[in-house]
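Reader: I'm fine at the bench, but new to reading models. Can you walk me through some features, one at a time?

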Amino acid sequence: MGVGSIFDGPDVRAEFEKAGINTHFIPLIWKYVIKNPNCEWDDIPDLPSAAYSLLRSKFKTSTSSVDSVINSNDGVTTKLLVKLQNGAFVEAVIMRYDTRLGKYCGKPRPGGPRSTLCISSQVGCKMGCKFCATGSMGFKNNLSSGEIVEQLVHASRLSQIRNVVFMGMGEPLNNYSALVEAVRVMSGVPFQLSPKRITVSTVGIIHAINKLHKDLPGLNLAVSLHAPVQDVRCQIMPAARAFPLEKLMDSLQVYQKNSKQKIFIEYIMLDGVNDEEQHAHQLGKLLETFDVVVNLIPFNPIGSLSHFRTSSEEKVLRFQKILRGVNNIRTTVRKQMGQDISGACGQLVVNLPDEKKPTNLGVTDIEDLVSRR
């Protein structure tokens with residue numbers, strides 16, 4: 001077994017326990033490493049002597065490194081290209097929001113600037129969604145829990161991260177144990193991210209959804225639905241064949257009954273494919289018994305892979321109006337962030353540059369969606 005990441009929580013705890021070292025030192029080590037990126041183990045003060053030799057022999061302060069940092073033209077979005085121990089790359093994206101730009105009950109929202117980090121869980125992805133650049137890479141490998149957490153460590157040195165969304169490269173629920181371990185580390189000392197500030201997005205891995213609430217209570221679940229009927233879903237999301245829509249909705253009913261939480265529905269708007277009025281009515285009918293927020297996502301072109309077109313703003317707003325007016329479903333339209341650095345939704349793929357127009361300010365953060373009822 002190679003040298004592991006200090007942020008692989010279960011491995012570190014197991015080694016400390018085996019060596020008879022008190023595990024309460026682990027969060028102190030994490031805190032020091034976060035604040036001192038280039039530190040050596042011997043730099044950390046006040047550890048038992050046995051801890052130093054264990055750390056030197058078994059763990060690295062970081063198994064990954066930031067290969068490049070690219071900022072969007074408006075400074076709102078930052079994309080990190082992270083090189084892993086095996087030489088592969090993943091991407092993480094920092095998105096900065098200002099609460100005061102939004103309105104709540106007709107008044108400016110309280111608060112101020114905050115950052116959300118979009119994290120990757122795999123190198124590539126098995127799901128093969130036809131509108132997503134990451135799917136074009138195919139699946140390379142799962143990240144360890146430490147490699148997932150290290151993205152937060154790298155990002156926290158650039159910006160104070162308040163929310164984490166697992167909406168980067170990969171299908172998080174296909175890397176279930178590492179996801180669970182990483183979220184548990186993130187929600188403990190020293191990161192102390194509340195589970196309600198962590199969102200996991202999935203295409204709908206039913207067997208994993210069925211155990212998610214028990215393993216990670218309080219977490220936000222977002223479902224990449226993207227179509228209201230099975231045949232259209234299979235057309236744009238080949239993996240949907242393994243997760244029939246009816247069974248997926250049944251599992252979400254059980255999840256919501258147990259968790260008592262909103263579910264976020266992600267719906268990419270593809271011109272002439274899933275954006276007609278009939279699709280809006282079908283989606284409203286499908287979701288009528290759920291407590292959900294629907295997030296309509298304008299399609300982000302992905303260079304030479306683009307055989308879909310972006311829905312017109314008129315179509316998007318009409319779709320939103322039907323869901324709101326007919327079905328009384330809270331429906332938002334995702335503002336674009338990071339298109340000019342290929343950091344927007346569906347654009348994360350290593351080595352696929354594509355110049356885009358600058359991004360917009362005044363976006364709605366996941367935190368705003370969670371906090372309003």
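Author: Sure, let's start with Asp275: at 2% relative accessibility, it counts as buried (buried is under 20% relative accessible area, exposed over 50%, partly exposed in between, with a 1.4 Å probe and protein chains only). Keep in mind that this is a predicted model, where local features need pLDDT of at least 70 and side-chain atom pairs count only at pLDDT 80 or more, while totals for chains, interfaces and linings use all residues. Residues are numbered from 1 along each chain as its sequence is written, and side-chain values use heavy atoms, leaving out hydrogens and water.

Reader: Which residue forms a salt bridge with Asp275?

Author: Side chains of opposite charge can pair when their charged atoms come close. The cut-off here is a side-chain nitrogen of Lys or Arg within 4 Å of a carboxyl oxygen of Asp or Glu. For Asp275 the partner is Lys315, with the closest N and O atoms 3.4 Å apart. Lys315 sits in helix 10 (residues 313–325) and Asp275 in the loop between strand 14 and helix 9, so the pair ties together parts 40 residues apart in sequence. Helices (H or I, at least four residues) and strands (E, at least two) are DSSP runs numbered from the N terminus.

Reader: Is Lys315 buried or exposed?

Author: Lys315 counts as buried, at 15% relative accessibility. Now take Arg318 and Glu277, whose side chains meet in a salt bridge at 2.9 Å, N to O. That pair links distant parts of the chain, 41 residues apart: Arg318 is in helix 10 and Glu277 in helix 9. Arg318 is partly exposed at 31%, and Glu277 is partly exposed at 40%. As for networks, salt bridges that share partners join Asp271, Asp275, Glu276, Arg309 and Lys315 into one.

Reader: How many salt bridges are there in the whole structure?

Author: A search finds 12. Another one joins Glu91 and Lys79 at 3.5 Å, N to O.

Reader: Why is strand 14 largely enclosed?

Author: In a regular strand the side chains alternate between the two faces of the sheet. In strand 14 (residues 263–269), 7 of the 7 residues are buried, so the rest of the structure largely encloses it. Ile263, Ile265, Tyr267 and Met269 cover one side, and Phe264, Glu266 and Ile268 the other.

Reader: What does strand 14 pair with?

Author: Strands pair if DSSP finds at least two bridges between them. Strand 14 pairs in the parallel sense with strand 13 (residues 220–224) over 4 bridges, and with strand 15 (residues 292–298), also parallel, over 7. Phe264 stands opposite Val293 in strand 15.
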